[in-house]
Every structure is written in structure tokens, then in C-alpha cells.
Amino acid sequence: MKKITDWIKRHPVEVFFLAGIVLCFGTLFPAVLIIPHEGMFGQILSFYLGRIGTYSPVLAGMFVARVIQPARQQVSLTRRLLVFLPVWLIAEIIHTASLKMTASPGTSLVALIVLSLPSALLPAYVISSAFSGSDGVKLMLVALVRPRGSIVYYLVALLTFPVIHIVGTVITNIQNGNAWFPRVSQGADLAFTVFITFFSVLLFSGGINEESGWRGFAQKRLQVKHSPLVANLILWFMMVIWHIPNDIVQYQHGGYLLIRFGLYPFITILFGWIYNRTEGSILAPAIFHAFMNSMNPLMGVFPITTAGNILLISLAVVAIVSDRMWRRLPGGDPAVYQPPALDGCLSKATKV
């Protein structure tokens with residue numbers, strides 16, 4: 001057992017990628033391809049396996065962090081519940097509202113509430129682990145619950161994708177001789193849908209579940225040996241592999257190569273840029289990711305356009321050049337992992 005532990009300590013990033021992909025494939029492939037055809041029970045099991053699969057990056061990171069630094073401080077159960085229970089309640093409300101928007105008419109609200117209860121445990125577990133758990137896990141997640149960096153970059157995370165979609169649509173409409181802005185019917189309903197979608201993604205399918213692992217664990221360690229540009233290209237490649245079960249369904253009608261190999265490298269670089277610009281904050285790229293996915297309900301009004309894609313790529317190029325992302329960050333940068341023995345602030349950072 002000690003040999004395995006020592007090996008994990010020597011290869012933490014490799015083990016993280018392996019554990020995350022194995023957990024993802026082991027849950028999402030059955031959830032996508034096999035179990036849904038096994039009746040109602042199969043559909044419910046598929047639903048929960050899917051939720052676990054999407055949480056594989058942060059769960060893999062927490063596993064490796066716990067192995068690397070297992071020491072822990074005693075925290076009362078009451079203190080942890082004071083974090084766990086409110087997050088569970090909020091996540092339950094968001095998840096139920098999200099299911100309600102896509103459920104068939106007449107679906108029982110009580111059934112959706114019951115179905116959401118186990119799923120809401122996942123964000124509650126992760127967020128509460130930033131306050132109670134091994135020192136390694138707390139150090140990994142502290143930047144999720146204590147955001148760092150300038151508020152400017154949080155606004156960038158919030159506004160980048162809405163602005164790109166809107167400006168791209170306006171440019172396309174002008175080129176085609178149409179009205180600049182499309183008509184928006186049922187604006188209040190659409191705003192509510194975007195609101196729920198944003199928080200659903202943030203909590204369950206692209207926010208803290210992914211970015212806590214990709215950024216909070218992997219990028220921080222990759223940047224010890226690599227420049228931010230190389231670190232994020234490595235992350236892009238591993239994330240393409242990780243997304244395969246999802247992409248089998250999402251891109252069955254085409255578009256896979258354009259998204260994953262044409263645009264996703266630049267999107268990943270922007271995630272990493274936001275992470276570094278906010279001094280290693282997990283929350284900022286999580287918001288960025290959530291707003292990217294939250295544009296889906298608006299596709300009928302502000303679709304993905306060639307002009308928008310060019311703007312996105314241009315922004316990534318500007319980020320690369322302005323930050324000289326081909327250069328390694330200094331060892332003391334907060335977005336670069338500091339081994340516990342060298343981190344004089346460890347005890348302070350883990351006492352969150």
C-alpha cells in the first residue's frame with residue numbers, strides 16, 4: 001500500500017487524469033449507451049451515474065490531494081453541517097427547477113424534488129470539504145470558497161460569452177441585411193431559463209465539478225513545470241478525451257471537429273487565463289464555464305456565428321500575447337502549486 005501511495009505522490013497529475021477519465025468512462029458510457037434502455041429503473045440509474053460522471057474531475061482531484069496530504073484538523077460535525085445543509089438546499093432548489101424546465105407536462109413536482117435530493121449532495125459535499133477534510137483537499141478547494149483576484153476578471157468571466165454571442169449575431173445580421181437585433185419574445189421566461197441554467201451548470205455540469213479539478217488541481221501543478229500555454233494545451237487534450245462519452249450524444253449530428261479541435265483549444269486557454277489572472281481562483285473559471293453553457297437557451301436568439309467564433313479566437317490570441325503565456329510563471333505565483341513543506345502559508349490557507 002505504501003508503494004502505491006508513494007507512486008501517487010510522485011505522479012499526482014498523471015493519476016488525476018487517469019482516475020478522472022476512468023470514473024467518467026465507467027459511469028457515463030453505461031449511462032449513455034446501455035442502461036437507459038432498461039426501463040424506468042435503468043433511466044433513474046443512468047441519471048445518477050451521469051451526475052457522478054460529470055463530477056469525476058473534482059472527485060479525482062480530491063482523491064489524489066487526500067493521498068498526497070492526508071493530515072487533517074478536527075472540525076466539529078456541527079460546523080461542517082452549517083455549510084453542507086444550506087448548499088444542499090440551494091442545490092436542491094436549482095436542480096429541481098432545472099428538471100422542471102425540461103420535464104414532460106404533468107410531471108409531479110414531488111417526484112422531481114425526490115429525484116434531485118441525491119444529486120444535490122454532490123455540490124454540498126465538495127463545497128463543505130473546503131472547510132472540513134484532509135489538509136490536501138482543503139488546500140485544493142480553498143480558492144473555490146475564498147475567491148481571489150480583481151473583480152474585473154469576474155466580470156470578464158460573466159460577460160465574455162454573452163457579448164461574443166450578441167456582437168457576433170449583430171455583425172452577421174448586418175452582413176445579411178437583417179435587423180441588427182432579433183426580436184425577443186417572452187423575455188422574462190427566457191431570462192429565468194438562463195438564470196436557472198447558469199446555476200445548474202455552475203453546480204452540476206461544468207462549473208465547480210469540472211474547474212475544481214482541471215484548474216484547482218491539474219493546472220496549478222502543470223504550471224510548476226510548464227508555461228500556461230503548454231499547461232492548457234495539455235489540459236485541452238485530456239479534456240477532449242474526458243468529454244468523449246458526452247460528445248457521442250451531443251455531436252451525433254456533426255460539428256465535433258469544429259468545436260473540440262477548432263475552438264476548444266482557444267476556450268481552454270481562456271479558462272486558464274482567467275484562472276491565472278484571478279490568482280488561482282477556481283470560482284472565476286467556474287463562472288466562465290457556466291456562462292458559456294448557459295448560452296444554450298439563447299441559441300434561437302443569439303446563435304453561434306462565424307463572427308462570434310472569430311471574436312472568441314481573437315480574444316484568446318490577445319490573452320496569449322498580452323500575458324506572454326509561453327513563459328513560465330514564477331514559482332511564488334499563487335496559480336502555481338507550492339509543495340506543503342515549502343508553503344509557509346499552508347496552515348493559514350487550510351484553516352478556512
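## Helix H8 against helix H15

H8 and H15 lie oblique to each other, since their packing angle of about 135° falls outside the ranges counted as roughly parallel, roughly antiparallel or roughly perpendicular. In this predicted model, H8 covers residues 151-175, and its axis is 7 Å from that of H15. The crossing of these two helices is right-handed.

On the H8 side the contact is made by Thr-160, Phe-161, Ile-164, Val-167, Gly-168, Ile-171 and Thr-172, which meet Ala-307, Gly-308, Leu-311, Leu-312 and Leu-315 of H15. Sorted by class, the residues of this contact comprise eight nonpolar and four polar ones, with no charged residue among them. As background to the spacing of such lists, an α-helix has 3.6 residues a turn, so residues three or four places apart point the same way.

## Two buried residues of H15

Asn-309 also belongs to helix H15, and because its relative accessibility is 18%, under the 20% limit, Asn-309 counts as buried. When neighbours within four places in sequence are set aside, the contacts of Asn-309 are with Leu-263 and Ile-304.

Ala-319 is likewise placed in helix H15, and its relative accessibility of 2% means that Ala-319 counts as buried. Not counting residues up to four places away in sequence, Ala-319 touches Leu-270, Trp-273 and Met-325. For one of these partners, Trp-273, the separation from Ala-319 is 46 residues in sequence, while the C-alpha to C-alpha distance is 6.9 Å.

## Helix H4 and its packing on H10

Helix H4 runs over residues 56-68, and its 13 residues should span 18 Å at 1.5 Å a residue; the C-alpha atoms at its ends are 18 Å apart, so the expected and modelled spans agree. H4 is mostly covered, with ten of its 13 residues buried. The buried residues are Ser-56, Pro-57, Val-58, Ala-60, Gly-61, Met-62, Val-64, Ala-65, Val-67 and Ile-68.

The axis of H4 comes within 6 Å of the axis of helix H10 (residues 208-225), and the two cross at roughly 45°. That angle makes H4 oblique to H10, and the crossing is left-handed. From H4, the residues Pro-57, Val-58, Gly-61, Val-64, Ala-65 and Ile-68 take part, and they meet Ile-208, Asn-209, Glu-210, Ser-212, Gly-213, Trp-214, Phe-217 and Arg-221 of H10. By class, this contact holds eight nonpolar, four polar and two charged residues.

## Helix H11

For helix H11, which runs over residues 228-242, the rise of 1.5 Å a residue predicts that its 15 residues should span 21 Å; the end C-alpha atoms are 20 Å apart, which agrees with that expectation. The buried residues of H11 are Pro-228, Leu-229, Ala-231, Asn-232, Leu-235, Trp-236, Met-238, Met-239, Val-240 and Trp-242.

## Positive phi in two loops

Most residues other than glycine have a negative phi. Against that background, Glu-279 has a positive phi of about 60° although it is not a glycine. Glu-279 sits in the loop that joins helix H13 (256-277) to helix H14 (283-294), and with a relative accessible area of 39% this residue is partly exposed.

Arg-324 is also not a glycine, and its phi is positive at about 50°. The loop that holds Arg-324 lies between helix H15 (306-323) and helix H16 (346-350). Its relative accessible area is 44%, and Arg-324 is therefore partly exposed.

## Pro-334 in the loop after H15

Pro-334 is found in the loop between H15 and H16, where its relative accessibility of 35% means that Pro-334 counts as partly exposed. Leaving out residues up to four places away in sequence, Pro-334 touches Arg-148, Lys-220, Glu-279 and Gly-280. The contact with Glu-279 links Pro-334 to one of the residues described above for a positive phi.

Pro-334 can also be located relative to Ser-56: the two are 278 residues apart in sequence, and their C-alpha atoms are 25 Å apart in space. Ser-56 is one of the buried residues of H4, whereas Pro-334 is partly exposed.

Methods:
Residues numbered from 1 in each chain as written. Predicted model: local features only at pLDDT ≥ 70, side-chain atom pairs only at ≥ 80, totals over all residues. Heavy atoms only, no water. Helix = DSSP H or I, 4+ residues; strand = E, 2+ residues; numbered from the N terminus. Expected span 1.5 Å × (residues − 1). Buried < 20%, exposed > 50% of the residue type's maximum accessible area, 1.4 Å probe, protein only. Axes fitted to C-alpha atoms, helices over the stretch in contact; angles between N-to-C directions. Parallel < 35°, antiparallel > 145°, perpendicular 65-115°, else oblique. Left-handed = near helix turned anticlockwise from the far one by under 90°. Contact = heavy atoms within 4.5 Å. Nonpolar A, V, L, I, M, F, W, Y, C, P; charged D, E, K, R; others polar.
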